[in-house]
There are 2 protein chains.
Amino acid sequence: MALKLFELVGVDASRPFSPFCWRTRLALAHKGLHAATVPWRFTEKAALSPYQSEKVPVLLDGEASVADSFAIAVYLEDAYPDRPSLFGGEGGRAAARFLNGWGDVAIIGGMFPLIAADIVQRLDAADAAYFRKTREARFGKSLETVAEDREAKVEGFRRSLDPLRLMLRAQPFVGGTAPNYGDHIVFGGFQWARIVSPFMLLANDDPVYAWRERMLDAYDGLARRTAAFAL
Amino acid sequence: MALKLFELVGVDASRPFSPFCWRTRLALAHKGLHAATVPWRFTEKAALSPYQSEKVPVLLDGEASVADSFAIAVYLEDAYPDRPSLFGGEGGRAAARFLNGWGDVAIIGGMFPLIAADIVQRLDAADAAYFRKTREARFGKSLETVAEDREAKVEGFRRSLDPLRLMLRAQPFVGGTAPNYGDHIVFGGFQWARIVSPFMLLANDDPVYAWRERMLDAYDGLARRTAAFAL
């Protein structure tokens, strides 16, 4: 049965960048599944309405459609139980709900002010106008003003990664000795930033940097094959 | 085989308060195990030296001794595999390492400036002097100065609980439908604050408040039986 994944792209349709879509892309690789990409842009809400969603990722699996990255992970775990587990059992599945919250707040929420002004540069005209209008309303200031003090703000973001650093003293992945969906959740944000922005979120000697490198190499280098943004 | 647990106490030896010891106390209850308390105070380092530790909790299980709350949880899971699982499988065990880091940084680290001036009031003279000296050196100011703006600082602490709130939209416990060691990690901090301080860390209408209530009721009301601090 052919799988299809709606993924957010900008001007370059070959470089999907949404952190939520990357969670799903890695989960599919973990399960040894291939999904064809359906490029999607912010202003193409109508394309998703048949699937009761206004946002990506949306996964189509034959007749089934699933929206929301966490719901997709749960779907894949239950629909493909004989393939490598995304959660490593019921306790891991429950804890992934917490990790999803932490990933949304600390990782994606923490990075967003640092890279939002770069994201808008990657979008086509219609999406750029939509993104600027909705996100500037959320911030209450221009994307460029938000980005102005990012060299200082990044220190707070780096500090917020301390829970991950403490964990990395004991094991190389959130999943333990190998990555699982907990890693996909957290790494999705880093892959997003990497694709859209040249801004240096991590110092080279940070254990989180080394973990990010391991995640870029995982699944036969899947994430690394989408090149980092370069000026 | 009789179990013994070294637990930090203040003037009142019947009210152990360490957040790390409460993680262990709840883990023991989860496993249906009883351990006798050995009251311990900060300045009684010598009592722990036979067990290669300077801090509690230290668990004695017959000839075995285990120091550090996470090591104790792993020990209990492996030594008592036929009793209810603390982690819910390998994925849960791995994710608990992350939760342990988040609990240390966001929960215990976040609460500490808010309640440190209350903790010192619960200690006997020798421990109070030790605690004040070591903790004021860490803060670079007096415990009372640290506490001065806690009504403002608590807002930042409350915001830092957003990952937990997002999770609580989907499930009642970190462990899913029932508490597991992930809940013990996070709740340990709340029980610590509850026993030593009258300061209100949570608003009554916060979903985290409702979760804390559920944890106070869990294990036949184990945590609630140690009364909250009252002026």
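**View 1. Helix H1(A) packs against helix H2(A) in this predicted model.** From H1(A), the contact draws on A:Phe20, A:Arg23, A:Thr24 and A:Ala27. From H2(A), A:Ser69, A:Ile72, A:Ala73 and A:Leu76 meet them. H1(A) spans residues 19-30, and H2(A) spans residues 69-79. The two axes come within 9 Å and cross at roughly 10°. An angle under 35 degrees counts as roughly parallel, so H1(A) is roughly parallel to H2(A). By class, the contact residues of the two helices are five nonpolar, two polar and one charged.

**View 2. Helix H2(A) lies across two strands of chain A.** The strands beneath this view's title are S3(A), residues 58-61, and S4(A). H2(A) runs at about 140° to S4(A). H2(A) therefore features in two packings: with H1(A), and across S3(A) and S4(A).

**View 3. Four strands of chain A form an open sheet.** The strand order is S2-S1-S3-S4, and the pairing is mixed. Which strands stand at the edges? They are S2(A), residues 35-40, and S4(A), residues 64-67. Each has a single partner strand, so one side of each is left without a neighbour in the sheet. From one strand to the next, the twist averages 20°. In general, strands of a sheet pair through backbone hydrogen bonds, either parallel or antiparallel.

**View 4. Strands S1(A) and S2(A) pair in the parallel sense.** S1(A) covers residues 3-8. Six bridges link S1(A) with S2(A). One position to look for is A:Lys4, which stands opposite A:Ala36 in S2(A).

**View 5. Strands S3(B) and S4(B) make a hairpin in chain B.** S3(B), residues 58-61, and S4(B), residues 64-67, run antiparallel. Four bridges join them. B:Leu60 has B:Ser65 of S4(B) as its bridge partner. Two residues lie between the strands. In this hairpin, B:Gly62 takes a positive phi near 60°.

**View 6. Chain B meets chain A through 30 residues from each chain.** Helices H3(B), residues 90-119, and H7(B), residues 162-168, each supply at least two residues of the side of chain B that touches chain A. H3(B) gives the largest share, 14 residues. What is the make-up of this side of chain B by class? It has 15 nonpolar, 11 polar and four charged residues.

**View 7. The two copies are related as by a two-fold rotation axis.** A turn of 180° and a shift of 0.0 Å along the axis lay chain B on chain A, with an RMSD of 0.0 Å. That turn and that shift are why the relation is as by a two-fold rotation axis. In chain B, B:Gly92 has the C-alpha nearest the axis, 1.9 Å from it. The same surface serves both copies. Of the contact residues of chain B, 100% recur in chain A.

**View 8. Chain A holds nine helices and four strands.** From the N terminus on, its elements run β-α-β-β-β-α-α-α-α-α-α-α-α. Along the principal axes, the C-alpha atoms of chain A fill a box of roughly 50 × 45 × 30 Å. A compact globule of 231 residues would have a radius of gyration near 17 Å. Chain A has 17 Å, which agrees.

Methods
Residues numbered from 1 in each chain as written. Chains lettered and ligands numbered in written order. Predicted model: local features only at pLDDT ≥ 70, side-chain atom pairs only at ≥ 80, totals over all residues. Pairing = 2+ DSSP bridges. Axes fitted to C-alpha atoms, helices over the stretch in contact; angles between N-to-C directions. Contact = placed C-beta atoms within 7 Å. Nonpolar A, V, L, I, M, F, W, Y, C, P; charged D, E, K, R; others polar. Least-squares fit on C-alpha atoms with pLDDT ≥ 70 in both. Parallel < 35°, antiparallel > 145°, perpendicular 65-115°, else oblique. Rg over C-alpha atoms; globule rule 2.2 N^0.38 Å.
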